[in-house]
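Here are a few short exercises to work through with the model open in your viewer. Try each task before you read its solution.

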Amino acid sequence: MSSVLKIENLWVSVEGRAILKGVSLDVKQGEIHALMGPNGSGKSTLAYALMGHPKYEITDGRVEIDGVELNELEPDARARLGLFLAFQYPVTIPGVKVADFLRHAVTNVRNPNRKEGEDLMPMRDFRKELKGRMEELDMDTDFARRYLNEGFSGGEKKRMEILQLAMLRPKFAVLDETDSGLDSDAVRFVSQSLARLTGPDMALIIITHHDRLLEFNKPQHTHVLLAGRIVETGDAALARELHDHGYAGVRSRHPDAAAEEKEALEQNALVGANK
Amino acid sequence: MTTSAATTTGFGAEAFQAFLATRNEPGWVSDLRRASFGLYQESLGRPLNPEEWKRVDLRAFQANRFSVGGRATTTPATRMGTLLGNHPTTCEAGFAGAVAHVDGVVVDSHLAAELTAKGVLFGDLNELLRTHGDILKPHLMTRAVKPGVDRMSAWHAAFWTGGTVLYVPRNVVIDQPLYSLIGLATPQTMDGSHTLVILEEGAQATLLEETASATTTDAGLHVGSVELLVGKRANLRYVQLQNWNQQTWHFAHQAGLVEQDGSLQWTVGGIGSRLAHIHQEVFLDGKGARGEVNGVTFATDRQTLSYYTQQTHRSPNTTSDLLYKDVLRDEARVIWRGMIRVDQAAQKTDGYQRNDSLLLSPDCRADSIPGLEIEADDVRCTHGATAGRVDADQIFYCMARGMSRYEAMHMIVEGFFHGIYDRIAVEAVRQTLSRAVEVKLGIGQ
């Protein structure tokens, strides 16, 4: 049976300010969704809220995977249910080797009931699998021995996120502007890699400003966020239109949301000025 | 303990006389005690060196509640809550020898026969002073830790209870490590162990020492000393893992002295105690001498761990390299005050000191105060200190990859210590420190 990630009327606040105002979205395993929208529209907020970042407070609505509500679950429990977030800004963890980090991650995600201290995936199997995935992603296997993201270039960090996705094989992967900061060759490579990794067992929610990442991962659904709401949903053609012409058309078709967006931006500037 | 005679608590004249009467030791040893007791009594009228002690809160400490150990014990070494995992009643598990003390009394002592045949001495200080006083006398409290440094050194020199001795003759190389355990089992007892390591020219050895308590609740006191005397071209690796329970006060003078082209690698693990203050010195005495100090500490609850470290360069072309890494949680406090001293004669000195702290909770506190005192003009001395909090985004990132909050914390702490683990060549020590971290994080409990 194919799994479903269900987002129902989701309201999310950051430091008391409502950012998402009733987002609803159904994502089935195997589907590709593009999530687009101007800066500040709430795309990253949705990504963090789905994964359970403590700063992103769900004030109304619910998120569930196959009927299991995620709202109150810790991020690790969500990961063990098959949710994955490729970070826009992956963090550095000094002294922790990529291989050690991934071995823990893979073991936990594949054995959702594992307790800390219990056996990790056998080293031989893990090494073999990791080496294979790194080769597929055209990564130098020396990366496995480096400290996680320490001294990595922007492109290397993004590739590391894709490697983690490849190893963890989530049911639902949210990619938060994985294309940002990459040159067009790198984006093309990531897009191709993603296409090879996905299939009927994995759904992608691709947050992006451009359509390059979508080149090899053609979305069945494109959603446009404006001022914390999904104002339009279409297919791959919508993604292309937004890439080519920007959000002016969207704003003119949804004047109320556009006004809200403007107000929020002005408020933001005010808050910034007071700091 | 019901078997012992009534003991005199405290460390006054009466207690000292009673203690001295129980000792079976050469006259010169008792004379050293008497002279030191005089120094101790004098020192009570003076404050402790404020530069060293001003951040250490001793208000709750009452010496008179404790009585000196070293009389008798009925507790076997196996009762101690050790981290190294093996108890020293055998020479197995890759150790060439093992000594254990409980409440200041030796309870076990072994050394591989082939090492005895080579002239290696390894055992209890009391006994070896009787049988090999000629070898030990020139080194005991004369070169590295002298009784008159301050109140703590004098107190120890008057009331020391026993301790582990390792003597390695010229050019003898011991490949396997030796193990020493210092335990406390009887409530309100003072352990005054004195570790004395002497490596003659060209000798090599590794000594792992652990302090441990039999219970988690009994109050204890350690007034100790460590002397590491590394001869020309000799190479000593010494590890002390301080793992007392959190009711124990730990005061120690610890010093290493390295002669020409000798090398000392000294690893300090600070895990236990209610309050610990260690005065640690490395003297680079001979040309080309090298000293490396690695400190790994993890303080939790309301523990205070204080380190006062000195790297003293007395000869040319000497190297010192000190790195302390501290992890703190709860309301714990870690204080590190470090100093590199370079004598006028010590040209071409290469001195380094660094202290990094990782704070896991908002209420813990780390103080790092590095310092340099340089009299030579052709030296390279550097120091640094960092303090950082565990980043909520690092925790979130790990958790987003399926790790529990504890596992994430564990991973970040292990990563923080990693740089130091890489410097520690002895696998058993790395594993032990790693286990100590797990215990502190409450994993597997």
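**Exercise 1. Aromatic pairs**

Task: How many aromatic pairs does a search of the whole structure find, over all chains?

Solution: The search of this predicted model turns up 26 aromatic pairs. Let's take one of them apart. B:Y238 and B:W266 sit 6.1 Å apart, centre to centre, with 65° between their planes. Planes over 60 degrees apart count as edge-to-face, so this pair gets that label. Next, place the partners: B:Y238 is in strand 11 (residues 235-243) of chain B and B:W266 in strand 13 (residues 263-270) of chain B, so the pair ties together parts 28 residues apart in sequence. Last, check accessibility: B:Y238 is buried at 0% relative accessibility, and B:W266 is buried with a relative accessible area of 0%.

Now a second pair. B:Y307 and B:Y324 have their ring centres 5.0 Å apart and their planes at 50°, which makes the pair tilted. This one links strand 16 (residues 304-313) of chain B, home of B:Y307, to strand 17 (residues 319-328) of chain B, home of B:Y324; the two residues are 17 apart. Both B:Y307 and B:Y324 are buried.

**Exercise 2. Charges over rings**

Task: Which ring does the charged end of A:R146 sit over?

Solution: Start in chain A: the ring is that of A:F143, with the charged end 4.9 Å from its centre. Then hop to chain B, where B:R401 lies over the face of B:Y397, 5.0 Å from the ring centre.

**Exercise 3. A histidine and its surroundings**

Task: Is B:H156 buried or exposed?

Solution: First find B:H156 in helix 6 (residues 151-159) of chain B. Its relative accessible area is 2%; buried means under 20%, so B:H156 is buried. Now look at its side chain, which makes a polar contact of 2.7 Å with the side chain of B:H194. Skipping neighbours within four places in sequence, the contacts of B:H156 include B:M141, B:G192, B:V223 and B:S225.

**Exercise 4. Positive phi**

Task: Where does A:D138 lie, and what is the sign of its phi?

Solution: Keep the background in mind: most residues other than glycine have a negative phi. A:D138 isn't a glycine, yet its phi is positive, about 60°. A:D138 belongs to the loop between helix 4 (123-136) and strand 8 (147-148) of chain A, and is exposed with a relative accessible area of 55%. For a chain B case, try B:N171, with a positive phi near 60°. B:N171 is in the loop between strand 5 (164-168) and strand 6 (178-184) of chain B, and at 44% relative accessibility it counts as partly exposed.

Technical notes
Residues are numbered from 1 along each chain as its sequence is written. Chains are lettered from A and ligands numbered from 1 in the order in which they are written. This is a predicted model: local features need pLDDT of at least 70, side-chain atom pairs count only at pLDDT 80 or more; totals for chains, interfaces and linings use all residues. Side-chain values use heavy atoms; hydrogens and water are left out. Rings of Phe, Tyr and Trp (its six-membered ring) pair if their centres lie within 6.5 Å; planes under 30 degrees apart count as stacked, over 60 as edge-to-face and the rest as tilted. Helices (H or I, at least four residues) and strands (E, at least two) are DSSP runs, numbered from the N terminus. Buried means under 20% relative accessible area, exposed over 50%, partly exposed in between (1.4 Å probe, protein chains only). A charge sits over a ring if NZ of Lys or CZ of Arg is within 6 Å of the ring centre and within 35 degrees of the ring normal. A polar contact is a pair of N or O atoms within 3.5 Å; within protein, one must be able to donate a hydrogen and the other to accept it, and residues adjacent in sequence count only if both atoms are side-chain atoms. Contact means heavy atoms within 4.5 Å.
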